[in-house]
Amino acid sequence: MNVLLIAADSRTKDLLGEALTRRGHAVATVADVQEAETAIRSNEYRMAVFDAGGKDAAAVELCRRVRGALNGRPCALLAADGKMAAESVQRLLEAGADDCLCELDDARRLDVRLAVAEARSRGNGCLGADDLTALPSLIASCPLLAKAPYGAFRTTIEGRFLEVNSALVKMLGYESRDELNAVSVPDDVYRDAAIRWRMVEEMQQAEHMENLELALKRKDGTPVDVLASGRVVRDASGALIGFEGIVHDLTEHKRVADALRRSEEWFRSLIELGYTVYTVLDAQGKVLYESPSLQRVYGWLPEEIVGHSVFDLVHPDELEAARHELAELVAKPGFVHTIETRYRHKDGSWLTIKVSGVNLLDNPSVGGIVLTSHDITELKRAEQTLRESEERYRKLVESSPDGVGVVVDEKIAFTNLAGVMLLGASSPEEVIGRLVAEFVHPDDWPGAREDLRQVLEENWNMPPRERRVVRKDGTCVSTEATATRIAYQGRRAIQLTLRDVTERNRAAGRLKQSEQRYRLIADNVTDVIHTMRVETPIDPARLASASDTEVTILKALGTLHTTYISPSVQRLLGYSPEEAKRLKPHEILTPASLRANAPRFASEASRWLRRPDDPRAAHVLDIECHRKDGTVVSCEATGTILYDDTGCVVGILTVTRDVTQRKKAERALRSSEARLRSLFENLPDFVAILNRQGTIELVNRSTPGTSVQELLGNTGFDFVAAEHQEHGREAFEQAVATGQLQKIEVQDIFGHWWICRLVPIAEEDEVRHVIAISTDITERRKQTEAIHKEQRLLRQLLDLHERDRQLIAYEIHDGFAQQLTGAQFNLEAFGKLRDKDSEQGRILLTTGLHLLSDSIDESRRLISGLRPPILDEFGVVAAVDYLVCEFREREGISIEFDHDVQFDRLAPPVESAIFRIVQESLTNACTHSRSDRIRVTLIQRDQRVTIEVRDWGVGFDPDTVEEHRFGLQGIRERVRLFGGEVTIETSPGQGARINVELPIVETAC
């Protein structure tokens, strides 16, 4: 028999696997319910055993899912656990288990229970006779049957109970097993005894019965319908001695069947009359059925939709997702999934619907995919509104400066951040869960507790109460508390709002003191404090337009009368306070000042009254006032509009000070500023003012490559070349940090060089700006570099000259001088011989003559090296040809010489330069190129001659030539001296080509 074992626990898996294998079964093992469902769908199993250890809910869910995957196929389903309570057994049997294995460590009892299950699997629910014959007792062999929810029995042939379990005793209405064992089964248990005797006759032939519905009666005579399965019991000789089996009470089953019929009628009415739409689709999405509620919900008649694709009415944006969900349902029989999508109403509007689908294509009674859908358009709108409302409330609470908390059972259940800070905690976790009493001052707690009780029990909104709160560090703060009852997480709770009024109380205490102090200040300040009231208050809400407002204000200014003026008016205007109170504004202000400021004040006041962003904002006016002695004084008046409690304008408060000297100073300052600005803008140097961050705030002019607008707002480092930026930043930061002048030399991004003097400007002992004074030294630097270059060239030429002198000295010493000395020695020796005709004399004379001849040749070679005679005699073409032949013979390399010139002779310096350029180029090529071929070309084009020396050797990188190598540098400098151009084309592995162009300077012959 194929058996599926579902067990993750290794011990349970080993015990059950060993027992099943011992009984000859083919066991397949999986670890979880998902693997079990897959295995059941792909294989045929007659028995499935699952590990019911762990939580009851998980075991019951596993049992239901496995039974559902079996989909009605005959298979004994067993739950296994070494320890299992009777309640757990009951739940598992109700969930679809056929039996429970509770004796995993007892091999004999485990075999007995497995034998029962094997018989059940073969007989589709009955007890197999072959497996039970060996059992001494049905109930004794399986103690679990004693607690099973179904009845178990053993009877004699004549009809007397031998064994019953407690479930059967209860089912038949008896008090105990002994009481039931004493009754006659045919007469006291069966409603018709004849039926029992017919069963005895049939059982002798059939050996067993299965799922037989019987009509029994209880002790009190009430009927009970049961479903019984049983077998005959024989002794060792095979003689029939009785029956044993199990009985299921059908009373509840029949009650459920009746309820199911009534429920079916109810559901039919619900489908037809409710607001849930039921739809059946085939695997391609074609509608097979629509419930009548379709018209009520979506406006369509069922016959208008049936036969069409369900996707015809799905919103285009969600069509792909809907097709994907249908494919998922088709691929997974029994799979249930719920989605939200948009569906078109018959009137063209789009509804948001919630659709649940289940694949019942394999169910013959349905044969399709069943969809249930609900219109949730209004629900989604309500949810969105609720979310927005909750979000607004959450943000309001979180951002509230007042502490907001929730109290449940006198404990803090929630608090916002302001509440955490008010209580002196660092996080909500330090507060939540603690009693409110811990944070209320002991003297205030009785009253606070009574207030909270009234709020909670009487739904009373507590008005503001001042309570002292004890912070976590033990300090006290005064708060203003309000409270109201709310529902919080399904429970009655109190929302408590706390506002820290400690400072407010302190301010109230200081207010009385400040009134006297301010009065004293007002009476003794140098500035004149002046309050004036209008006759009729002005209501800003009734002002129709700007022009109406200004006219009203101007009229009101004419009705102003003084209510207070400080004594300092006598120092400013020469009037006593009593005299000044009687004066009108036009009597104090000069006519010019009155004409200029009255309309301006009316215009600004009109604007503020119509848009009172800050109704008490101050207005500053420059005025001129008449003194009592007739002189005029310049003043600055700061005015504020006064309002009453209703928001109407009732007067003006002004503070006036003498600014005569300040005006003079301002005029002098403006004059000085104009002179300095003119000087600043006309300085020959470029001057920029930078802030601490290096941003340019002001410049006196533009620089080459930029405009003033491009400079302002950018940092000065943006215009410094990348290689100089770090040096520039260091100097700038040093100037800011030390306050000392820094001097640097940098190059800008346009290639110009500058000497910059960074002058720090300290304000209040802190460097806030730096003045960068920059002088353009580009031309000076070019001249300096040119001088340095000429100096380097001169040094190189001197080095070359010294090298040539040294070489000539070595050659004269080692060659010419040595030969002359040898000749001298030989001739002196020859002169001392007495017999000059002797062989020795002849040898000395011959040797001396040879040495003199060699000395002459050596002198010619040296002269030719310094300036070949052929160059003077035949010109540069013949000299170069001679030079090529000499190199070809000496180096053994193929050297070609091509020439095409029209001139006969050139100026000696030019000829010498051409000769030396070719000589140096050939020397380099022969020494370094390792080429077996060299070509020299001399061509005249108009008034320029081109010299080219090319090899096909290893090449080189011109940038890596060391400075002490003078060959290429000497060629460049010779060409530069004659106003020519030189090009060196080479790279590693590509040979080398030296191309020189020189202007022709012919000799004057």
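Hi everyone, let me start with a single residue: N459 has a relative accessibility of 43%, so it counts as partly exposed (buried means under 20% relative accessible area, exposed over 50%, partly exposed in between, with a 1.4 Å probe and protein chains only). Its phi is near 55 degrees, a positive value in a residue that is not glycine. N459 sits in the loop between helix 19 (445-458) and strand 18 (462-470); helices (H or I, at least four residues) and strands (E, at least two) are DSSP runs, numbered from the N terminus.

Before I go on, a word on what we are looking at. This is a predicted model, in which local features need pLDDT of at least 70 and side-chain atom pairs count only at pLDDT 80 or more, while totals for chains, interfaces and linings use all residues. Residues are numbered from 1 along each chain as its sequence is written, and side-chain values use heavy atoms, with hydrogens and water left out.

N459 has a counterpart in D942, which also isn't a glycine and has a positive phi of about 55 degrees. Its loop runs between strand 32 (933-941) and strand 33 (944-951). Here the relative accessibility is 70%, so D942 counts as exposed.

Now the overall picture. The chain holds 34 helices and 35 strands, and 40% of its 1005 residues count as buried. If we take contacts between residues at least 6 apart in sequence, 53% of them join residues at least 24 apart; contact means heavy atoms within 4.5 Å.

Let's turn to a sheet. This one is open, with 5 strands in the order 12-11-15-14-13 and antiparallel pairing (two strands pair if DSSP finds at least two bridges between them). Strand 12 (287-290) and strand 13 (336-344) are the edges, and each has a single partner strand, so one side of each is left without a neighbour in the sheet. From one strand to the next, the twist averages 25 degrees; axes are lines fitted to C-alpha atoms, for helices over the stretch in contact, and angles run from 0 to 180 degrees between N-to-C directions.

What packs on this sheet? Helix 16 (residues 319-331) does, touching strand 11 (277-281), strand 13, strand 14 and strand 15 (368-375). The direction of helix 16 makes about 15 degrees with that of strand 14. One residue of helix 16 is E328, which counts as partly exposed because its relative accessibility is 25%. The C-alpha atoms of E328 and N359 are 9.4 Å apart, with the two residues 31 apart along the chain.

Staying at that edge, strand 13 and strand 14 (residues 350-360) run antiparallel and are joined by 9 bridges. V336 has V358 as its bridge partner in strand 14, and E340 has K354. The two strands form a hairpin with 5 residues between them, and G348 in the turn has a positive phi of about 95 degrees.

For a contrast in pairing, look at strand 3 (residues 47-51) and strand 4, which run parallel with 5 bridges between them. One of these pairs V49 with L78 in strand 4. Strand 4 (residues 76-80) has 5 of its 5 residues buried, so it is largely enclosed by the rest of the structure. In a regular strand the side chains alternate between the two faces of the sheet. In strand 4 both faces are covered, with A76, L78 and A80 buried on one side and L77 and A79 on the other.

Another buried residue is T656, at 11% relative accessibility, which is found in strand 25 (residues 649-658). Leaving aside neighbours within four places in sequence, T656 is in contact with D527, V528, L572, I623, C635, E636 and A637.

Finally, the empty space. Rolling a probe the size of a water molecule over the atoms shows where such space is left. How many cavities of 30 Å³ or more does the structure hold? There are 7. On a 1 Å grid over the protein atoms alone, a cavity is a set of points where a 1.4 Å probe fits but cannot get out, and lining residues have an atom within 4 Å of a point. Grid points are joined across faces, edges and corners, and a volume is the space filled by probe spheres set on the points.

The largest cavity contains about 420 Å³ of space. It is lined by 23 residues, and the closest to its centre are F686, G716, V720, C756 and S774. Elements that each supply at least two lining residues include helix 28 (722-738) and strand 30 (767-776). By class, this lining has 16 nonpolar, 6 polar and 1 charged residues (Ala, Val, Leu, Ile, Met, Phe, Trp, Tyr, Cys and Pro count as nonpolar, Asp, Glu, Lys and Arg as charged, and the others, Gly among them, as polar).

Conventions:
On a 1 Å grid over the protein atoms alone, a cavity is a set of points where a 1.4 Å probe fits but cannot get out, and a pocket is an open set with protein on both sides within 12 Å along at least five of seven lines; lining residues have an atom within 4 Å of a point.
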